[in-house]
Amino acid sequence: MCEVNMRTEKGGNCHADVTCSDGNSRNYDDWPNCAHQAVDEFNDPGIGPFTVTWTKKDDDCSDGLCAPFLAFTYVGNYHVFDVDALSEEAQTNATSQTLCKVGCSEQTPSNSPSSENICGSTDNDKTGTVHSSRCGVPAVGKNYGPGTLDSKGPTNDAGYAPGSCGVHVVQHQKINPAGDPATDREAHYHLDITVYDNNQEKIGEVLGAEAPAGKAVNVYSKLPFVLLVTAQEEDADPVLFDYADQHWAYADVAHACDFGQYDAGDREGDCGFSC
């Protein structure tokens, strides 16, 4: 997730910054307009293109500019978020599922949203000339909540969104582990493998693939290279992955792997890789 912070002072001096959970952040102090009803557009590497429009000024704000509207190219196809309205809902409705409620930490969501109420509190200083707001937004290609806020980045000519792809694997235990692997197919593991692009869209899949120990299963997808997934001899042995020049095992922290234990004959997990 990422967070957008916006601030104006005395009707100008517009500022915005975007901070994402991966630690990357960027400041925006050069606003082409910074004026009432003017649209200022930015392109952030974490969340993609977005716009800010200050919809009220002076008497409607005590003084200066306030009431920003936010729009994100990749979230809802430039759906407009009324920051003040969403912030007010968060403050007045105790059951409102918002990304960040009043008093929460700056980057940690307090609840999983069940609606489009992603905005946090709006805070004005005592002079009435400084107006600040913050909103949470998914990083490009990610989502937050149960299908609530999906960010869909652009796809390339091959039909997938490049960046960080994912692979989900279900490893089915051997039906006959005592059998002869040379002649008994039930003496092999079987794998279900699904590949996702940076938008978390499925771009390749194999189901029930026979996986003799040490022999890679080829997973063809929209990606330019074949993903190789290899089971080994024993249940406790790690699943191995190869894609282009990347090689890793199922417990690799750098690839954000998360595999569970066997349950009812299956274990499953996920890993990420650069695509």
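**Two cores and an open sheet**

Let me begin with the inside of this protein chain, where the largest nonpolar core has 28 residues, and where Ile 193, Leu 223, Val 229, Phe 241 and Phe 273 are those with the most contacts inside the core. Several strands supply this core with two or more residues each, namely strand 12, strand 13 (189–196), strand 14, strand 15 (217–219), strand 16 (227–230), strand 17 (240–243) and strand 20. There is also a second, separate core of 26 residues, which includes Phe 42, Ile 47, Phe 81 and Leu 149. Please keep in mind, as we go on, that this is a predicted model.

If we now stay with Ile 193, which residues does Ile 193 touch, once residues up to four places away in sequence are not counted? Among them are Val 167, His 168 and Val 169, then Gly 204, Glu 205 and Val 206, and also Val 217, Val 219 and Val 229.

Turning to the sheet, we find five strands in the order 14-13-12-20-19, which form an open sheet with antiparallel pairing. Its edge strands are strand 14 (202–211) and strand 19 (258–259), and each of these pairs on one side only. Within the sheet, strand 12 (residues 164–172) and strand 20 (residues 266–274) pair in the antiparallel sense over nine bridges, and Val 169 stands opposite Gly 269 in strand 20. As a general reminder, strands of a sheet pair through backbone hydrogen bonds, either parallel or antiparallel.

Finally, stepping back to the whole protein chain, its secondary structure comes to one helix and 20 strands, while buried residues make up 45% of its 275 residues.

Note on methods. Residues are numbered from 1 along each chain as its sequence is written. This is a predicted model: local features need pLDDT of at least 70, side-chain atom pairs count only at pLDDT 80 or more; totals for chains, interfaces and linings use all residues. Side-chain values use heavy atoms; hydrogens and water are left out. Helices (H or I, at least four residues) and strands (E, at least two) are DSSP runs, numbered from the N terminus. Buried means under 20% relative accessible area, exposed over 50%, partly exposed in between (1.4 Å probe, protein chains only). Two strands pair if DSSP finds at least two bridges between them. A nonpolar core is a set of buried Ala, Val, Leu, Ile, Met, Phe, Trp, Tyr and Cys residues joined through side-chain atoms within 4.5 Å. Contact means heavy atoms within 4.5 Å.
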